[in-house]
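Trainee: I should like to go through the reasoning behind the terms used for this structure. May we begin with the pocket?

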Amino acid sequence: MSWQMHLLAGVVRLTRHRRYATAANARAYLAEPKRPARPPARLRERLSTREVDGFPVHTVEPETVKGPGSTVYLHGGGYVGAIATQHWDLVADIATATGRPVHVPRYGLAPQHTARDAHALLATLLAELGGPIHLAGDSAGAGLALAAALNAAPTGLTLVAPWLDIALTNPEIPALERRDPWLSAAGLKLCGEVWRGDLAPDDPLVSPLFGDLTQLPPIDLYIGGRDIGLADCRLLRDRAPAVTLHEEPDAIHDYPLLPFAPESRAARRTLLTKIGASFGRIGG
């Protein structure tokens, strides 16, 4: 592990872990006002916003168009937290690397909204876009992207540290949790219960690991060894037909979005290259 990743893990434990450390902490986090980060100034001339089913959908255009198709990016945050600066940075990089627009739906968050609202929005958006679509996301957004792909036909999937089982039932999670400086099962479970609403915990709309994975497109999957989701990502690799698993042994949750460390920068370069290549496969 690089010293930068070691330092990053310490900072995250001090600043982020308390959100999910207990059910009480998660309940307080749920009650906080949603404060989405503004897009960086460098994106404003390339950014447009429209409303789809009552929710804002932002589109970041590439500086140079390379071909047909687009990416839909779903941000993480435990289905509770709003889009953050690191999400916008990655969205900008995807648009530049692929030469295609990136659409960012600001799906409704818990406790005001549930998974059913998000899936209704995505169904409308994907139908409107048409054409080759690459689905991408991180953390909760990556879980949502995979769940949406079960009922759509994206050309590819990029998943960073996806939340694959809303109830966190994998027996390997307690051991992983001891190494994770960011996430804790107690808080996540509460967020997940609110997010799933009337859906069963094993419904593929909220726990895509339990869906029919046999018809999925190629999946590019990134997970750190110090991430509570590691065991479920390995299960996804074993169950889906075409998964490339990038497992960085000592990296933390969402590490490709945190380019302070060399492991993160390397993963980000690979991620961007592979999304671009996915459009090449369909002739763009």
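Mentor: In this predicted model, the lining of the largest pocket divides into 18 nonpolar, 9 polar and 10 charged residues.

Trainee: What is the volume of the largest pocket, and which residues are the closest to its centre?

Mentor: Its volume is about 540 Å³. Of the 37 lining residues, R19, Y20, Y29, G77 and G81 are the closest to the centre.

Trainee: How do you know that the span of helix 1 agrees with its number of residues?

Mentor: Helix 1 holds 13 residues, 3-15, and at 1.5 Å a residue these should span 18 Å; the end C-alpha atoms are 18 Å apart, so the two values agree.

Trainee: Which residues of helix 1 are called buried?

Mentor: Buried means under 20% relative accessible area, and the residues of helix 1 in that class are Q4, M5, L8, A9 and V12. They cover an arc of only 140° around the axis and therefore lie on the same side of helix 1. The face turned away from that side carries W3, H6 and L14, which are exposed.

Trainee: Why is strand 2 said to be largely enclosed by the rest of the structure?

Mentor: Strand 2 covers residues 55-60, and 5 of its 6 residues are buried, so the description follows.

Trainee: What makes strand 2 a paired strand?

Mentor: Pairing requires at least two bridges. Strand 2 has 6 bridges with strand 1 (residues 47-52) and 4 with strand 4 (residues 102-105), so both pairs satisfy the cut-off. Each pairing is antiparallel. F55 is the bridge partner of V52, while T59 stands opposite H103 in strand 4.

Terms used:
Residues are numbered from 1 along each chain as its sequence is written. This is a predicted model: local features need pLDDT of at least 70, side-chain atom pairs count only at pLDDT 80 or more; totals for chains, interfaces and linings use all residues. Side-chain values use heavy atoms; hydrogens and water are left out. Helices (H or I, at least four residues) and strands (E, at least two) are DSSP runs, numbered from the N terminus. The expected span of a helix is 1.5 Å times one less than its number of residues. Buried means under 20% relative accessible area, exposed over 50%, partly exposed in between (1.4 Å probe, protein chains only). The arc is that of the directions from the helix axis to the C-beta atoms. On a 1 Å grid over the protein atoms alone, a cavity is a set of points where a 1.4 Å probe fits but cannot get out, and a pocket is an open set with protein on both sides within 12 Å along at least five of seven lines; lining residues have an atom within 4 Å of a point. Grid points are joined across faces, edges and corners, and a volume is the space filled by probe spheres set on the points. Ala, Val, Leu, Ile, Met, Phe, Trp, Tyr, Cys and Pro count as nonpolar, Asp, Glu, Lys and Arg as charged, and the others, Gly among them, as polar.
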